Amino acid sequence: MTTGPTPTTTPVPAPSQAHDPDRERLRRWRLVLGGDQADGTGCALSGRDAAMDATLAALYGKGDKPPTGRDRSAGLGASAPSVARWLGDIRTYFPSSVVQVMQRDAIDRLGLASLLLEPEMLAAVEADVHLVGTLLSLNKAMPETTRETARAVVRKVVDDLEKRLATRTRATLTGALDRSARVSRPRHRDIDWNRTVAANLKHYLPEYRTVVPERLVGYGRAAQSVKKEVVLCIDQSGSMAASVVYASVFGAVLASMRSISTRLVVFDTAVVDLTDQLDDPVDVLFGTQLGGGTDINRALAYCQSQITRPAETVVVLISDLYEGGIRDEMLKRVAAMKASGVQFVTLLALSDEGAPAYDREHAAALAALGAPAFACTPDLFPEVMAAALEKRPLPIPDTV
């Protein structure tokens, strides 16, 4: 039997390593661990892998260790040109979802937020909800030369979100509004059989084992007049940035529906009504001021004062519930609204990231009042609103 040539120890570029699972596994671990002496892989990188490693090292190479002569990373520093090159590099080597995570980490770990005030830097970044949140937090410090570029970045994200969410939201809520309008002489296709049977149980005939309905209950078709009122009350503290972005988009979608009267209120220790800007969610977002304290009680007092038809109103509080105001008054307001017929929904977050840190004591107190607090993804939000409009149990995620 003949044998082939002795295997070479020369590093193999990534594309040709795909057929060797062990080598590919070592390559990936090498990229993760960074190539220090303790990484244990013994794997050398070349070509595209080496360039990819350099982009990772610029962001994650130092960690919390003091720099040494053997440190593999020079970092990004505060140089706008080097950061711009790095932003271009990561978009070359990584998919969009990874790029967004690395951008977020660069802002948090390396203090690059101030560089986002430069127009050329904004043009280089991958726009996403978290970047919008960062820009909104910098809004007051933003120079005029950057403001238009920032608005363009925010508008791109908002437009993408509207395309993703608007059609399903309108369809879901229109159906809920139709079903909530009951009529007593429905056409056959509009009969609500569950409610019809429930309303006629006293007419059950045992000998025939059937119910003879004397009164039919049916779905009405929602007219163009206002059927329901929705109040979105949004905490604009710094931790709620993604929720503010999504809520502004949903607020604009709801405001476009003639059958729903929508009010949008944002608050920290002050309360601002942005309802008159709902035709453009970008204007809404630049009307917010992320950060600061929180006075939920004051915000709910304002919302309560705007309610004219309690039985036809849904109030959605989006907050992490860290109350800086009067706790007992806040809970009394929620109880009073619910007693008057208001459907009250408490969302700890409206984002794809789950619940943030939140005040569990306040969440438990609200749950005891019949307003359980839970985090809600944007994809679930239309279902939550439909359930609230129809006054049926909310689709609370199992993780709550």
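A helix here is a DSSP run of at least four residues, and helices are numbered from the N terminus. With that in mind, and remembering throughout that this is a predicted model, the tour can begin in helix H7.

**Stop one: helix H7**

Select residues 144–180, which make up helix H7, and then pick out lysine 156 and aspartate 160, which are four residues apart and therefore separated by about one helical turn. In an α-helix there are 3.6 residues a turn, so residues three or four places apart point the same way. Show the two side chains and you will find a salt bridge between aspartate 160 and lysine 156, whose closest N and O atoms are 3.4 Å apart. Aspartate 160 counts as partly exposed because its relative accessibility is 39%, and lysine 156, at 47%, counts as partly exposed too.

**Stop two: from H7 to a distant loop**

Staying in H7, select arginine 164 together with aspartate 379, whose side chains meet in a salt bridge at 3.3 Å, N to O. Aspartate 379 sits in the loop between strand E10 (373–376) and helix H14 (381–390), while arginine 164 belongs to helix H7, so this pair ties together parts that are 215 residues apart in sequence. With a relative accessible area of 39%, arginine 164 is partly exposed, and aspartate 379 is likewise partly exposed at 39% relative accessibility.

**Stop three: the end of H14 and what follows**

Next select glutamate 390 and arginine 392, which form a salt bridge with their closest N and O atoms 3.3 Å apart. Is glutamate 390 buried or partly exposed? Glutamate 390 has a relative accessible area of 15%, and is therefore buried, whereas arginine 392, with 35%, is partly exposed. Before moving on, add Asp352 to your earlier selection of Arg164 and Asp379, since salt bridges that share partners join Arg164, Asp352 and Asp379 into one network. Across the model, the count comes to 14 salt bridges.

Now select lysine 391, which lies in the segment after H14. Its phi is near 60°, a positive value in a residue other than glycine. Most residues other than glycine have a negative phi. Lysine 391 counts as partly exposed, because its relative accessibility is 43%.

**Stop four: a second positive phi**

Go to leucine 321, found in the loop between strand E8 (313–318) and helix H12 (327–339). Here, too, the backbone deserves a look, for the phi of leucine 321 is near 70°, again a positive value in a residue other than glycine. Is leucine 321 buried or partly exposed? At 0% relative accessibility, leucine 321 counts as buried.

**Stop five: helix H2**

Select residues 47–60, the 14 residues of helix H2, and follow the helix from its first C-alpha to its last, a reach of 20 Å that is close to the 20 Å expected at 1.5 Å a residue. Colouring by accessibility will help with the next question: which residues in H2 are buried? They are Asp49, Met52, Asp53, Thr55, Leu56, Ala57, Ala58 and Leu59.

**Stop six: a nonpolar patch on the surface**

Finally, select Trp29, Val32 and Leu33, and switch on the surface display, where these residues form a nonpolar patch with about 320 Å² of accessible area together. Leucine 33 lies in helix H1, which covers residues 21–33. Leucine 33 counts as partly exposed, because its relative accessibility is 39%.

Note on methods: Residues numbered from 1 in each chain as written. Predicted model: local features only at pLDDT ≥ 70, side-chain atom pairs only at ≥ 80, totals over all residues. Heavy atoms only, no water. Patch = residues over 30% accessible without salt bridge, like charges linked within 9 Å, V, L, I, M, F, W, Y side chains within 5 Å. Areas by Shrake-Rupley, 256 points an atom, 1.4 Å probe, with all protein chains shown as cover. Salt bridge = Lys/Arg side-chain N within 4 Å of Asp/Glu carboxyl O. Helix = DSSP H or I, 4+ residues; strand = E, 2+ residues; numbered from the N terminus. Buried < 20%, exposed > 50% of the residue type's maximum accessible area, 1.4 Å probe, protein only. Expected span 1.5 Å × (residues − 1).
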